Amino acid sequence: MLATRTLLSKQTLAVISRQPACFVHQGDYGNWGNTNVAVVFSGCGWWDGTDVHEGVYTMYHLSRNGARFQMFAPNQQQMHVIDHMKKQPASGENRNMMMEAARFSHGQGMMQLQDLSKLDANSFDAIIFPGGHGITKNLLASMAPVLACRVLPSIEVTMGYERDENTRWGNWPHTNMVQAVKSMGARHNVREPYEAHVDEKNKVVSTPSFMWDTEYHYHYIFDGIGNMVKHVMRMSTK
């Protein structure tokens with residue numbers, strides 16, 4: 001990140017001279033924890049891949065909590081490409097999930113995104129699936145908690161509210177997903193966007209994320225993913 005002095009107004013310089021300033025922290029190499037986490041993407045974009053916010057928030061909180069993480073995605077064509085402005089399929093376009101998910105990567109070498117077929121579960125303490133419609137369309141059957149319900153019967157998850165209760169903060173337009181997880185034999189737990197639910201027995205942690213639809217209050221979703229990551233770290237170090 002670069003800002004030249006000509007971009008700083010006199011008023012801004014005056015404030016900085018009087019108040020503490022926060023600058024970009026580049027991190028400390030070698031100061032990592034022992035927890036190793038795989039993060040699985042299904043493309044890049046809420047309507048046809050991994051939601052950008054959920055993916056970035058997940059990596060931020062893993063980094064902040066001292067975890068090592070490796071990114072993975074299937075090296076396959078995604079179901080279709082959605083025009084995110086029109087929210088409808090873009091005709092004649094085909095995209096590879098791994099190539100799209102590589103947009104999340106800034107790393108080199110082992111930190112570059114890897115083919116999901118190379119993921120060795122025994123090499124990781126936990127696996128996180130950031131949400132988005134790509135889980136529905138590209139990986140298995142629905143949003144991230146539904147993916148877990150298909151694999152692990154009788155687990156406990158949260159997808160937020162069970163009814164669409166509109167408030168001035170946001171609403172819950174995807175409550176049909178709650179019935180989907182219940183039909184698979186899972187137990188659903190109501191949680192707020194900033195909360196996470198922990199199934200201690202099955203070692204599954206879930207948070208509503210963008211099951212909640214909000215125009216401005218993304219910090220609640222950020223906090224919910226942060227709580228999820230903290231529980232994953234706690235359970236991984238037992």
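Student: What makes Glu 100 count as buried in this model?

Tutor: The model is a predicted one. Glu 100 has a relative accessible area of 9%. Buried means under 20%, so Glu 100 is classed as buried.

Student: Why, then, is Arg 103 called exposed?

Tutor: The relative accessibility of Arg 103 is 57%. The class of exposed residues begins over 50%, and Arg 103 therefore belongs to it.

Student: How do you know that Glu 100 forms a salt bridge with Arg 103?

Tutor: Their closest N and O atoms are 3.5 Å apart. The limit for a side-chain nitrogen of Arg and a carboxyl oxygen of Glu is within 4 Å, so the pair qualifies. This bridge links a buried Glu 100 with an exposed Arg 103.

Student: What makes the contact of Glu 93 and Arg 95 a salt bridge?

Tutor: The N to O distance between their side chains is 2.9 Å. Since the criterion is within 4 Å, this pair also meets it. Glu 93, Arg 95, Glu 100 and Arg 103 are linked in a network of salt bridges.

Student: Why are Glu 93 and Arg 95 each given the class partly exposed?

Tutor: Glu 93 has a relative accessible area of 37%, and Arg 95 stands at 31%. Partly exposed lies between the 20% and 50% limits, so both values fall in that class.

Student: Which residue forms a salt bridge with Glu 165, and how exposed is each partner?

Tutor: Glu 165 forms a salt bridge with Arg 163, with the closest N and O atoms 3.4 Å apart. Glu 165 is partly exposed at 34%, while Arg 163, at 59%, is exposed. The structure holds seven salt bridges.

Student: Why is helix H5 described as mostly covered?

Tutor: Helix H5 spans residues 144-151, and six of its eight residues are buried. These are Ala 144, Pro 145, Val 146, Leu 147, Ala 148 and Cys 149. In the protein, 45% of the 238 residues count as buried.

Student: How do you know that strands E1 and E2 pair, and in which sense?

Tutor: Strand E1 (residues 36-40) and strand E2 (residues 68-73) are joined over five bridges in the parallel sense. At least two bridges are required for pairing, so five are sufficient. Asn 36 stands opposite Arg 68 in E2. Helix H2 (residues 52-64) packs on the sheet and touches E1, E2 and E6, and its direction makes about 160° with that of E2.

Student: What makes E5 and E6 the edge strands of their sheet?

Tutor: The open sheet has four strands in the order E5-E2-E1-E6, with parallel pairing. Strand E5 (114-115) and strand E6 (126-128) each pair on one side only.

Student: Which residues have the most contacts inside the largest nonpolar core?

Tutor: They are Val 37, Phe 41 and Leu 62, in a core of 44 residues. Helix H7 (residues 218-236) gives the most to this core, with seven residues. A second, separate core has five residues, including Ala 38, Phe 72, Leu 119 and Phe 124.

Student: Which residues does Val 37 contact, leaving aside neighbours within four places in sequence?

Tutor: Among them are Leu 62, Phe 69, Phe 124 and Ile 128. For the protein, 68% of contacts between residues at least 6 apart in sequence join residues at least 24 apart.

Notes. Residues are numbered from 1 along each chain as its sequence is written. This is a predicted model: local features need pLDDT of at least 70, side-chain atom pairs count only at pLDDT 80 or more; totals for chains, interfaces and linings use all residues. Side-chain values use heavy atoms; hydrogens and water are left out. Buried means under 20% relative accessible area, exposed over 50%, partly exposed in between (1.4 Å probe, protein chains only). Helices (H or I, at least four residues) and strands (E, at least two) are DSSP runs, numbered from the N terminus. A nonpolar core is a set of buried Ala, Val, Leu, Ile, Met, Phe, Trp, Tyr and Cys residues joined through side-chain atoms within 4.5 Å. Contact means heavy atoms within 4.5 Å. Axes are lines fitted to C-alpha atoms, for helices over the stretch in contact, and angles run from 0 to 180 degrees between N-to-C directions.
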